[in-house]
Structure formats: C-alpha cells, structure tokens
Amino acid sequence: MASGVEPQTDEVRHSGGGIDAGHGFPYGVPFEGSLNDGPGFAGSDAPVEADLYRCVHCGLCLSACPTYVETQLETESPRGRIALMKAVHEGRTGISERLVSHWELCLQCRACEAVCPSGVPYGRLMEHTRAQVQDNNLASPELSRLSRLFLRAALPHNARLRIAGHLMRAYQRWGLQRLVRRAGFLKVLPGGLDEMERQMPMMGDRFFTPSGRVYPARGARRATVGLLSGCVMPMMQGDAMRATVRVLQHNGCDVVTPTAQGCCGALNLHAGDLELGRQMARRNIDAFHAAGVDFVITASAGCGSSMKEYGDLLRDDPDYADAAAEFAESTRDITEFLAELPLDSPQAELPWRVTMQDPCHLAHAQRITDAPRQVLRSIPGLQLIEMAESSLCCGSAGFYSLIQRDMSQRLQRRKIGNALATEAEVIASANPGCMAQLEQGLRNAESEVRVMHVVEILDAAYQAESRA
Amino acid sequence: MTASADLGRDLSGQLTELLGGDRVVPSSRVTDYTIGPFAPSAIVRPSEADQVSALLQWAHHNDIAVYPAGGRTFSHLGNTPTRPGIALDMTGLNRMVDFQPADLTVRVQAGMTVGQLDSELSQDGKCVPLAPPLAHRATIGGTLATGISGPMRSAYGLPRDWLIGVSVVGADGTMSKAGGQVVKNVTGYDLNRLYIGSLGTLAVITEATFKIAPAPMAWAAIVAAFENNQTAVAACRNLLSQPFAPQALHVLSPPAARRLGDSNIPVGYGPVAVALIAGRPASVKRRVEDTALVWLDAASALHIAGEEATQLIELLADFPINPADPPSVCVRMNTSPYALDNLLAMDHHEIGGEAPGVVADAGFGGGRLMWWGDFSSQDAAQVAEPLRQVQSTVASLGGDAIVEACPQAAKELIDVWGPAPSGIGIMRRIKEQFDPNNLLNPGRFIGGL
Amino acid sequence: MRSSDFLEELRAIVGEDYVIDHREDLLVYEYDGSVDRSMPRAVVLPANTDEVSQIMALAYEAGITVVGRGSGTGLSGGAITPPDGLQIAFPRMNRILEVDSINQTALVEPGVINLDLDNHVRRFGMRYAPDPSSQRACSLGGNIAENAGGPHCLAYGATTNHVIGMEVVLEDGEIVNLGSQAREASGYDLRGAFVGSEGTFGIATKILVRLLPTPESVRTFLGIFPDIDSACTAVSAVIGYGIVPAALEMIDALSIKAVQNVTDAGYPNDAGAVLLIELEGLREEVEEVTKEVESALWDTGAADVRIAEDDAERERLWVGRKTAFGAFGTIAPNYYLVDGVVPRTRLTQMLRKVNEVSERYGITIANVFHAGDGNLHPCMLFDAREPGIMDNAMAAAAELMEECAALGGTLSGEHGIGLEKKQFMPLVYADEDMAAMQRVREAFAPQNRLNPGKIFPDGSYYRPAPHPAAHAAGLYA
C-alpha cells in the first residue's frame, strides 16, 4: 500500500470489487453502543422515524438558519439538530444536557422548513424532540421554570393571564414591584430584575377581551368570521386586535369573539408540552365550532401557524380528528384573509415609508409573504421598502428571548440594523412577539421608528379615508 | 554544443531497427531541429503513438534525452537544452481521429496542424478557437505544450478551456490518458491542465480531444488611434465596461503599430487600440456601431474593418514570430488587465538604444514587448539586464514575464521564465515524479526543469 | 503525541472555542451531503491562513490525517473524515476580501458561500458564473475541491475555468501561491491541477476568482415535449445548430409531476419531458438565437414552446428545476443520485438504459439533468427502510455508471469521486492513467496526509452505508 491508502479492517479488505453485503462505514465502524447513558426516545410522541429520515443532510437549510448564520456551527444548524435526533433514535447517544442545549438554541422559526427541498417537517420534529426532553426532565432549568410557572400555570387560564397582564402593566406604569413579585411571575425569568425590566414586553394601555358579542359587518356581509383573541396579544397589542376587528367589519365581515376560547397553545407545543397543547386546541375547536363561523381569523402569525396544525396534532384523537382538520382548514391569518377576499382598497393617501418584517410563523411556517405586502401596497401613497434578510428571525420566538438572551439579542440587533438601514418610519409586522421584540430593539437603539401591525396600518388608512 | 553530440552508439541504426527506416529523418535536416546552439544527435518522425512509446522506452533504457518537436514555430521558447539527445518530430501523427459535430467534440493526433484542424472544422461551421501564431504550421501538440494562446483569448479563453482529454506517452514510454471525450468531467485529477504549458517536460502528447464551438459568422475590427497612453487606457476601460464590449481589445504602442504591417492601422498618431469583434451578424453590427460611438470623441483617428478583420487578427496572432519581420527579442508578460497602463509605459526598457514596441491585451491582461534590432554584436549583459528589469517590474505587478526570444548569449545569463514562482518546489517534485531521469526536454523549462 | 496534548496545542493555535472534540458535538461533523459517515477525532475552525498553516504543521508532526470541509453539501463523501482524522472547517474564514471591477475578479476566503459571492458582486454589474444547485449553502473552498459545476456551466465552464489564483497550505503547513494575479502564469499549471483534487493536494485559504459581466439580455424558455426521446433529439438539434445556450436542462415526466406536486412551476402535467433553456448575451444576439432555438424545438416535435414573459415567470421556471430533487420527497422518502456523463448524442441511448434498469430493478428513477452537456442525474427513488433496497439501488447505480463508460462518457460530471465512486474508477481509467494522477498527488502531498482514501480504488470500500434507519430497525442485524 505504497500510496498510503489503507483499508481499515480485514473484513473490507477482502471485499474486493463488486457489491457485497457488509457495513457501510467507509473507515470501519467508529464506535458501538451509545456515547452516554442518557435516555433514548420513547413513547407515542417521540419524533417519527419517517420524518427524521426525510432529511438527506443536503445542507440547503444552513444559510436560512439564524443560529447557524450567527454561530457558523453545524451543531446550531437544522441539519445538525436533526442529526442529533437521528443519533438518539439510532441509540448512538442518549439525550444529554449537551444535546438539549443545541436543541434549545433553536428558535423554531422554521426558516429551514421553507427552504428544505425534501420537505422535512422540522417544526414537528423539534416539538416532538422537546416533548421527549420534557418527559425526561432534561430541559434547561430556565425553560423548566418558565414552562412550569408560565406555560402551564398561566397560559391555559384566561383569568390568570389577565391578572398577570394587569399586574405587569401596573408594574410598568407605576413600578409596583412588590405586587408583581408576590405573583411569582417574575421568578420564572433568568437573570437580574434590572435587566428583566428592559426585556419585558410593554403592556398595552387597553387590553382586548373577548366579549362573545358580534361586531357587525359594514355594508353587505361577505362572511362570518371568528377572531382568536389569544393569550398575550390582547394585552400587549390590544390596539392591533381592535384594528383587526374594525378592518374585518369594514370588509363586510361579522366578527365573533367567543368567550370560551383561549390561548392557541403554540408556546406549549413549541416547548414540547404536547398534551397540554392538545387540551388547549380542543377548547378552541369547541369554542369556534359553537360560534358557527366560516373562518377563524388570527392576527398573530404564531397562533395561526399552530392552529393550522391542529389537524396534525389531534389526528390520533378519534373524537377530535375530523373537527381539528376542519378547524385547521378554516384558519386564516388576517393578512391572508384580506388578500383572498380581496380587501377594499383605502381611498385616502397614507404617505408613510414602511418596511415589512416577515414573522417566521407567517413566512416560513405558513409560507405567507405576499399577502401582507398586498395589503400594504393597496394603500395609496404608502412606500414599501424591503429590508435585507426580511425573513430572518428577529430573535423573539415566543419565550426564546427570555431563555436564550444572548442569541436573541444578537438577532435583534441584526434585525434592527437591517430595518433602520431602509430609513423607513414604520416597521410593519404581523405577530405580537416580533412586535414586542422590535419595539424593545428600537428602544435600545434609541430610535423613533414605530412598530405597527399590518392591519393597524390598513386601519389607519381606512380612518384617514373616513376623515377625508 | 554547437554540433550534434555523438552519443557513442549507432543511433540511426538502432532507431531504424526500432521504428523502421522511414521514421528516421536524415541527419542532413538537422538544422531544422536545432534549438539555439543545440543540435539533436538524431531525429525521428513516428506516425503512431505506439512508435512514440517504443522510442521513449528505448530512450529510457539508454538514458537518452528526447526533445519533442511540432511545427517548430516556437522551438526557440525556453532555456537551452542541457543534455545531448534526439529530436522527436511529432508531425507524423497528423490524423483526425474522431469528429462528432453533434457532440461538439473532436479528437485529433497531436501532430496535426492547428490550421488543418481549423479548415476541417470550418467546413462544418465549427472551430476550436486556439489561434496560435503561424497556425498553418503550429501543431496541436506544440500549441498545448507551449500553452500559447491567440489574440481572441479574452473572449474565447485559453487552450486549457478547450482541451477535454489527452493521450500521452510518459518518460519511460508508458502510455496513459487523462480526461475523456465528454465536455464535463470531474472524474479524477485534471491532468489536462498540467500538461498544457509544460513544454513537453512531463510527457509527450500524442492525441488531444477538444470541445468545439460554432464558428463566428461575422468578423469586424475597430481600430482607433489615441493621443497618448492615458486617453487610450481610458477609452479601453470605458469600452470594456459596456455590455457591447468587443471579444478582444489590444493596444499597440506606436512602434508596434508601425511594425504590425496592416494597412488599416492608423500610424503616426499615438497608441492604437484594436477592438476585435466576432459573432452573429446582428450582434457584430451592434458592437461595431456602439463601439464607434463610444470612441468617436476620444480617438484621433478611427477605422472600421469588416471581413478583412480576420487578416488583422492573424497578423496580431503571428506578430511575435512574424516570419516576414520577426522581433529579435520578445518578452511575453502575464499580468492582470489592471496593469494595462504599466505595460504601455514599459517602452523605456531600451536595448542597444532601441525602445520596444508594446502590444497589450486590454481585456485579458498581459502583452508583449518586442525589439527588432540586430543585437548579435551587443554585449550579452547589456541585453540581459533590461530583460531582467522587465521581469522584475512585471513581478512587482503581480505577474511574470517570459523571454520568448533573445540572442543566445543573453539567454545564457537569464532564466527565460523569470524568477521561480512560489510553487517551484511542487513543480520540481512533479518533474521528479514524471521524469525522474530528466529525459524530456531537459533543462528547458522554468527553474531548469 | 498524546491525543490530549494534540488537542491542547490545537486550542493554543485557534483558541478554546474553536476546537470541537466532544463526541456528542462531533455527531454533526461525521456526514456531508452523501450517504457516508464517519466521526472525526476533532474539528478545528481556523480564522486565517496562518492558523491553517500552524494546524497543518502540527498535524503533520503528529502524523494525523486532515480533511477540509466547506459546508458539507458534497454528494460523493469528499468531506468524510477518518475516525482518527482532524477535520478543518472554514466558517470563520468567510470574508470577501476584495472585488476588483477593472480586473473583474474577487478575492475570497474559502468559507464564502457561493450565492453570497454572486449576490455581492451583482451590485457591481458582475456575477460569479458557476452555480451548483447547492449554491445557497456550498462554499467556494468546497467548490474548488470538487470543481463544482451547475446549469450555467454549459456556456461558462465549471469552477476551474473561473479560478485565477490561490493561496494554499500544503500538508506540512507550507504556504504556497498557485497561479498569480494574471490569468496565465509561467511554470506548470498548478492551479489547474489543484482545482478538483478533492482536498488531497492542499487547503485553499485565499481564492482569486474571475467574474463575468451580467448579460444585457436573458431569455428563458420551456420546450414541452410529448416524450423524452423527442426532447433528447431537440437537445442534439439545438447543439447541432451551433447554439450553445447558457443553460439547457431536461426534466422528465416523473420529475414534472413531483415538481408540480410542491409548486406551480408552470410545467404542464401531461408533458413527457420539458427542456428549460436559457439564452444570454447581447440583445440582438438573444433575439436571433431565440428564433433558431424555437424552430429547432418545433422541428423536433415540441408540443409547445413557452417563453418567460418577465423575471417572475423566469424565476418560476427555474424554481421548478431547482426544487426537483427535493420534490422527489413526494414520491419516495429517499433518493440516490448518479452523476454520469455521456456524449450528448448518446443521451437517448443512455436514457433507454436508465429505463431498462429501472424496470429490471423495480426502482423508480426520475431524470432531471444538465442535458446540454450530457451530464445525467438519474435519481433513484425509494424508501431506505425497505430491506435490501440499498443493495438494489447501488447495483443499479453501478450498471448506469458502466453504461456511461461504455458509451464513451464518464463517472462524474460535477459531484466528484470521493468515497462514493472510487471503486468505479477502473471503468474509465487504466492503472497507468491513475498512476499518473497519483504522481501529481505525490508531488503535492508526499505523505498523503490530506483526505486519504478518496478518489482511487483500494478495495476497502465499495458501497454506501446501509441506511441508518434500516440499521436501527434491525434490518441489517
């Protein structure tokens, strides 16, 4: 073997030419058994083999992944995270803290899914993986505490949530720190309270509460729609919710806001709490079914993406499978719905310079990028300027910004930099988490630029029209 | 070593036995095969690759150096041979092996002339745009070995961009091939490119496969004289940044313009830029018109040549070895296009009081310096010194300068290939690997390889 | 040297954070885009040439093999690192150092992503022509190693036609410049030999590439054919007319269905095959050639010819082509791709063979490929968890490669040989041919420390790994 190319094992040395059976590790089997004694995947909610092996590790997801773009590490890439799932699945490693840290750095923005040529259902894989992590109590302490106190104790309960929201607003407005602390709410959050204060999403002045009443269509009725009020959005962006109702009315929709509805469960699902997520889904399916609506509308991209997956989530539930599929079918993002209608173009000019930030759960999970732009372009005088990397995650990603603060802020700075480079006056978005993240980033950058939901801009245009 | 060295054996008898009497060229023709002061001890002219292989096996066994030759148009290129040896005339291998117009590929023996290949392909409206000097004499093998390219290279590329496969005979007579018959191929290492420009020091090319292209349907040239180098360079840069930029663009200093010998060239003004245009009639027309418009104000004289442009291109191709008026000293400079004005300013490198003519390839980069004077009585050091200066100036521009022709005495004082490049260590090891006994064209290549 | 000492010294060179040696982390550095895998001893992420040189010198002293890895998108196993080997990855060396619009060149580091470079230089009215399908992810360093191609290589050539010079680090750490700033350089063409050497000659640390001006006019159209034979005839006709389009791609019926399953690319569902053709150049030229191509297509039996009216439609036609391989996921979860090349006039014959092999092995094969230069990509579609299917697919692939060779073609047009195809080399090269290649490798890397075990057959390895899923399911117990 003068060339120095040496076969590694006797077994393969004798294989010669021709195809024969035998292991396929080109350099021999590198190791047998598991790298550690961590638990494997188990149970019905484990990542599905067919999903895992859909990934042919081509690498086309790399450049779409915010954490890979920032770190340039394969461990922090979609392909890498799936490889780690596969390794667990194959018994080559157990779930370990190290693996969990790579999985938890994932924003679940699903940008990878949108560019994946093989159609790997990455979002689903990650939710199932996180469920396994939860089941084995291996989530990071930060995520565990958050999950225990907020995702489980608050989100599923409308009343508790509202109380927490009121407290938070009080805290932000009047500095009633003691009250807040007593609620136990802030304990879930890592780091010092001072830093926390800057991190915390600003609560809106007026909350939006589902009332059960019907907001009647203006003009001829084109559809009856149910509006998801959700969990934090009605508190953080009550104005956007009210704008959504007005815009729908303006476009001939009766708008129903069932009182029995609740949080969509997206955050629980992302964190891997599939069972609680399913309960929350069932409640919403029941609530909107009872309301007898043609479409379920949401102004939150994250909620819409989750609700469109209810069918998948409940496909093994004999009582809910069909209803869930139907619910998912009837779900529309507000911008998607308006573009489909199509919407009434406003008549008055709104001479704003606007740049669009694509929420991940709209652009990647729901593959909707054109609809919000159609809505914006329908407004006379509005100038839409595209920013670089408009669909790269802003770092909000639900509660990611609270747990992975460093990565979240890196992405936030990147996003704000791209947005400000357009010299727009308004950043348009379509998701409450993103809007809070952008607002905070703008505060840090001491910028005067405003953040508005796409429907708020449309609403402003309609209002300008009615004033004219 | 001014006469054939006696290798101490009955060479011609042995060679006759090996290849047959008709393959041994009479010693009376030895002057056709001299390389500077070197004269081969025998000359063979095989007709098949097998014979080339047999010859090299024989040479390997007997430790005799072999100097491959093609059309001998550029045999002065390189340093002086360091060992006695025999000349291997490849022109006997001159057949077209396979021509597949629908595949756009052609396979030919290495001794075929480029002119012959051109004429065969042109009957089918095709071409391999090599265009070496004196294409009717230059062989395919010689063109590849020297790596010499033509005036259209900025659009049509170098021989390395057209060669897709070669058959060679190695220094010990082993036949091997590289590449293949298809236009796209990443199977194994790319030895095609290694053989190109290796001056026959690694192996003797016996067969070559090229991808071919549709021949241009129309030709034109625009020739413009400018007041000085600065305006010429500016006009060229402007033109090259346009979508209708010509396929090739050369700038000639006034002495070079005079020497080129084309009646279309406006002489007596200043530097002359020649835009060469080829392609489909409609696009040629557009390029000509728009080029003329862009240049009209800046040029002191402007002339548009139609079909006669092909003669102009041939003159430019043949320029460095034009048999009617060959330069006595010629330096090829490889630089980036950015160095255009530096090249034009190099006419201060006088030899024996004569300033050189400059031809610079504005699109591709690089160019040539040429002197026509008779420097045979000149002190060799006074010829070598400016050549060394040229080499060091071009090196400082990030390129290199190859002395293609100069008096023998001066040649002894320099490495015509210029200072050894950074990769010389690898080059030496390659030579050792391919030709450990230093039998193929010994001493003639860069760094004495 | 003890392994721990070696790793300590590595850390001293690049810093604590840039040596990855935890086995759980290394799980993600054991694969590339191919079917092979092997876990390296460690991965090191240098920041500059000097660090690369120090790393190489250190590994050389310690007798450790080194494998370079770009983005790990290669399809022939070129970046798979032996278990005792050190992998060098280049994400930190991803700067575009210089764009020169007069020389029309760019100087880049090896970690720069192909598409990023192209996007960057477009603002100066230029482009980087080689466009492998993975261009969104693959790096220039990897492109150099594999001599990457792409659809537009038909007119502009592969990576090797676009590399002017390189700074490379040899196996012992020596830093050498290959080529120069000029497109020609004296001495042996080391840069030409280096491109496509699959990481066995050295590690490129700086790359000077040629850029082309963006064309004035682009015309993209779709030739729709009732069957694949007539589409092949059309390819020959176009080429035979003396037209070399910028790109000439074939998409067969099965692939059309797969594509239309996932996106509306505007390919008619009932077509037997479509040709995607792009012409570029001066306005007048494109006009004239368009007419000729159109008539060539009609003459050879096209059912329809559609010209993209605007950029959006043009984009849509290309999206179909570019998503094809992924869209195969709607037909079967796994695919295995052959990269053979045949002379263009043998396409019909070769595709018949593909069909025959498909039927005989009972494996669905789709065809989306670079028809203009005869570079096929027969794509076998299957579910790897099915017992014995990998054996079948590999045997079918072997037959297809044999046929390519028999028709005067070759094993790989753009993906490289790597581990995947090394045992097939004797189909196209004699021992003497490979010996000549090995001599060049001996000159660049006498100790064969760089990416050993690739390209040349050594009897050690013939076929890719049984699919891990099958492995896990106990099918290969």
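Author: Two strands pair, by definition, if DSSP finds at least two bridges between them; the strands themselves are DSSP runs of E with at least two residues, while helices are runs of H or I with at least four, each kind numbered from the N terminus. This is a predicted model, in which local features need pLDDT of at least 70 and side-chain atom pairs count only at pLDDT 80 or more, whereas totals for chains, interfaces and linings use all residues. Residues are numbered from 1 along each chain as its sequence is written, with chains lettered from A and ligands numbered from 1 in the order in which they are written.

Reader: What makes S16(C) and strand S18 of chain C a pair, and in which sense do they run?

Author: S16(C) and S18(C), the latter covering residues 378-382, are joined by 4 bridges in the antiparallel sense, and the definition asks for at least two, so they count as paired. One of the bridge partners is Leu381(C) in S18(C), which is matched with Tyr335(C).

Reader: How do you know that both faces of strand S16 of chain C are covered?

Author: The test is burial, for which 20 or more other C-beta atoms, placed from the backbone, must lie within 10 Å of the residue's own (12 or fewer makes it exposed, and anything in between partly exposed). In S16(C), residues 334-337, Asn334(C) and Tyr336(C) on one side are buried, and so are Tyr335(C) and Leu337(C) on the other.

Reader: Why does Ile144(C) count as buried or exposed?

Author: Ile144(C) has 29 C-beta neighbours inside 10 Å, so it counts as buried. The residue belongs to helix H5 of chain C, residues 140-146, and, leaving out residues up to four places away in sequence, it touches Thr159(C), Val163(C), Val195(C), Ala204(C) and Ile207(C), where contact requires C-beta atoms, placed from the backbone, to lie within 7 Å.

Reader: Why is it said that the buried residues of H7(B) line one face or several?

Author: Those buried residues are Asn229(B), Ala232(B), Val233(B), Ala235(B), Cys236(B), Leu239(B) and Leu240(B). Viewed down the axis of H7(B), they fall within an arc of 165°, so they line one face of the helix; the arc is that of the directions from the helix axis to the C-beta atoms. Their cover includes strand S13 (248-252), strand S14 (272-279), helix H9 (281-296) and helix H11 (340-344) of chain B.

Reader: How do you know that the span of helix H7 of chain B agrees with what it should be?

Author: The expected span is 1.5 Å times one less than the number of residues. For the 12 residues of H7(B), 229-240, that gives 16 Å, and the end C-alpha atoms are 16 Å apart, so the two agree.

Reader: Which chains share the most contacts, among the 2 pairs of chains in contact?

Author: Chains B and C do, with 73 residues of chain C and 67 residues of chain B taking part. On the side of chain C that touches chain B, the elements giving two or more residues include helix H8 (228-240), helix H10 (283-299) and helix H14 (431-444) of chain C, and H14(C) provides the largest share, 10 residues. By class, that side has 31 nonpolar, 26 polar and 16 charged residues (Ala, Val, Leu, Ile, Met, Phe, Trp, Tyr, Cys and Pro count as nonpolar, Asp, Glu, Lys and Arg as charged, and the others, Gly among them, as polar). Chains A and B, by contrast, do not touch, and their nearest C-alpha atoms are 13 Å apart.

Reader: What makes Asn137(A) notable in its phi, and why is it called exposed or buried?

Author: Most residues other than glycine have a negative phi, and most peptide bonds are trans. Asn137(A), although not a glycine, has a positive phi of about 50°; it sits in the loop between helix H7 (122-135) and helix H8 (141-152) of chain A. With 8 other C-beta atoms within 10 Å, Asn137(A) is exposed. Asn438(B) likewise has a positive phi, near 55°, but 18 other C-beta atoms lie within 10 Å, so Asn438(B) is partly exposed.

Reader: Which peptide bond of chain A is cis, and what is its omega?

Author: The bond from Leu341(A) to Pro342(A) is cis, with omega near -10°, and Pro342(A) lies in the loop between helix H19 (334-340) and strand S6 (353-356) of chain A.
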